[in-house]
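Q: I am new to this structure and would like a close look at a single part of it, taken step by step. Could you start from one place in the chain and work outwards to what surrounds it?

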Amino acid sequence: MTSAVPYDPEANPFASETSSPVTHDSFEQPSQQQQEALRQEEEPQQHGGAEEEEDEEDNKPIGQSIENAPSKPKKYKLITKVTALERHGKKDPIIRFDAYTTLPRFRTTTFRDIRRTYNEFVKFFDHLNGNNPECFVPSLPPAASSAGAGTEEDEVKVKTRMQRWLDRVSGNPILARDEEFIHFIEGDFGYTPVTNKRPPATGLTRKAMKQLQPPPDEVEELRDFRPLVKSTYLASLDINAKLEKVTKHRRSLGLSLTDFGHKVGNSANLEDHTGMVNMWRKLGKVFMALGDLEAVKATSEAASLGDGVSSVAKDAYVAKEALTNRHLLMRELIKAQSTTKARHQTATRVKGSTNISPLKVDEAIAALEDASRTEEQLTNKVRRVSDNMLLEKPNLLEHFEQDVRNAIGEYVVRAIDSERRALSTWEAIRVDVRAVDANGGLSRLGREATPASRRSAIAQSQGLSGDSWSGDRGSKRAQGFNEVAAKLPDSQPKDNEDDDNEFDDSEETAMDARNAASLLAGSTF
């Protein structure tokens, strides 16, 4: 709106009395002497003004200075901690956890003793996976491990895996800001998803669309990433199936060893020699103990490597389906583009016709606007999904690597422990075998009498501190050579020291059957 009164600069009420309109004609350049005088007058004024400003800042109240300070962006976080796991018969286990958050829209920051059943976790996972197509949602771990439901090991494993799942979900900025996270944490009487979206296609339609050629993809990283994830999923399934067969055969081996141990123990009734009777009975007990160890080893393999590979397979499947949903969205976008093109041609044909009907024109324009709006929404959605998947791809690969490393590491430690127990079981019978007769045992089989000086120590190689041969073998070997050299006479020539050192180095690296037997605690019976 313009004023009816013309603007008069001289009648401006906000202008100062001494101000006058400045024109380029009335502006005169001062002389050099005038410039120096003006500069000398301005310098003390500037210093005084700075000091006055500092005094004013010091005299300001603390609250006012904090308000005027530049505000830093606030970092939001969501932290969860699993505290307990409750099982009541065959019902779903109850997971108890605490939560702390600084995210907005929560009632408070700290939530204590949140109780959710495993079925509610499944509903929450289905919601996150369906309502966030741009995220690689971690797969939910099973309610029980292969160690056996109700055992102490099973409770530790389930709590650890649920904690890892909650950490990964709450660490994702998109999943942590999902509206359902508020209902999942704050719900007082259970949890039920408020909104639940379905994937672009389900059932037979989804299976049929998977058989088609993938749509043209401009993002090369995601285009090459889906076959990699699919191969990981198939390889994990294959490894898991073979591990199940190995576990089954190992349990059968344990039963066979136990049965064989009973038969070996019964063979002691056929012996007349007291030492042989004792040896056969002890040997039968050793075989039965080895059968129990094989059963334990089968369970540990399934609980460590089997569950770890199964977790990788589930994560790979969820990621593969997320990439498939992206392909389905791209197909919908291609269909929307073709629909928009067809509506535009229809509108052009109606516009160029001789008999223009207003009703048909309105219908054509409305249909074209609707198709254009749908195409724009799908374009933005596909772009958002692609951009976020590119950001989450390194995190998904890191999770794969971490899970595989943890599974293999736990499996190796358990396998070593099982072999150490088996070795300790075999070593426990050495005394009984040697006590059969005065010749050191097994003389009835034609074995020559072994001198006592050449017999290996009967001490157990397995103890609380580890293996008796563990540690730096080179330092032990050097210490042994030093002890031998101390016993040699002083008259030995010193010219061969270099040759001795060369011999020591070569012997340290040499490895044959005799050396390996000596390193593994010794000897035969």
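**From one strand to its surroundings**

A: Aspartate 113 is found in strand 3, and what follows is read from a predicted model. The backbone of aspartate 113 has a positive phi of about 55°, although this residue is not a glycine. With a relative accessibility of 37%, aspartate 113 counts as partly exposed, because that class takes in values between the limit for buried, under 20%, and the limit for exposed, over 50%.

Strand 3 belongs to an open sheet of three strands, which follow one another in the order 1-2-3 and pair in the antiparallel sense. Strand 1, residues 78–86, and strand 3, residues 110–117, are the edges of this sheet; each has a single partner strand, so one side of each is left without a neighbour in the sheet. On average, and with direction ignored, neighbouring strands of the sheet are turned by 25° against each other.

The pairing can be followed further between strand 1 and strand 2, the latter made of residues 94–101, which are joined in the antiparallel sense over eight bridges. Lysine 81, for instance, has aspartate 98 of strand 2 as its bridge partner.

Two helices meet this sheet. Helix 3, residues 118–131, packs on the sheet and touches strand 2 and strand 3, its direction making about 100° with that of strand 3. Helix 6, residues 179–186, lies across strand 1, strand 2 and strand 3, and runs at about 90° to strand 3.

The loop between strand 2 and strand 3 also deserves a look, for that is the place of arginine 105. Like aspartate 113, which has a positive phi without being a glycine, arginine 105 has a positive phi, in this case near 75°, in a residue other than glycine. Arginine 105 counts as exposed, because its relative accessibility is 62% and the class begins over 50%.

Another aspartate can be set beside aspartate 113, namely aspartate 307, whose place is in helix 9, residues 274–352. Aspartate 307 has a relative accessible area of 12% and is therefore buried, since the class covers values under 20%. Its side chain makes polar contacts with two others: one of 2.7 Å with the side chain of serine 146, and one of 3.4 Å with the side chain of arginine 161. If neighbours within four places in sequence are left aside, the residues in contact with aspartate 307 are Ser145, Ser146, Arg161 and Ala302.

Aspartate 307 and arginine 161 also take part in the packing of two helices. Helix 4, residues 152–171, and helix 9 pack at an angle of about 25°, with their axes 13 Å apart, so helix 4 is roughly parallel to helix 9. Helix 4 passes helix 9 in a right-handed crossing. The contact is made on the side of helix 4 by Glu153, Lys157, Arg161 and Arg168, and on the side of helix 9 by Ala303, Asp307 and Asp315.

Helix 9 packs with helix 8 as well. Helix 8, residues 220–266, meets helix 9 at an angle of about 165°, and the axes are 7 Å apart; the two helices are therefore roughly antiparallel to each other. Here the crossing is left-handed, whereas helix 4 passes helix 9 in a right-handed one.

Methods: Residues are numbered from 1 along each chain as its sequence is written. This is a predicted model: local features need pLDDT of at least 70, side-chain atom pairs count only at pLDDT 80 or more; totals for chains, interfaces and linings use all residues. Side-chain values use heavy atoms; hydrogens and water are left out. Two strands pair if DSSP finds at least two bridges between them. Helices (H or I, at least four residues) and strands (E, at least two) are DSSP runs, numbered from the N terminus. Axes are lines fitted to C-alpha atoms, for helices over the stretch in contact, and angles run from 0 to 180 degrees between N-to-C directions. Contact means heavy atoms within 4.5 Å. Buried means under 20% relative accessible area, exposed over 50%, partly exposed in between (1.4 Å probe, protein chains only). A polar contact is a pair of N or O atoms within 3.5 Å; within protein, one must be able to donate a hydrogen and the other to accept it, and residues adjacent in sequence count only if both atoms are side-chain atoms. Angles under 35 degrees count as roughly parallel, over 145 as roughly antiparallel, 65 to 115 as roughly perpendicular and the rest as oblique. A crossing is left-handed if the near helix is turned anticlockwise from the far one by less than a right angle, and right-handed if clockwise.
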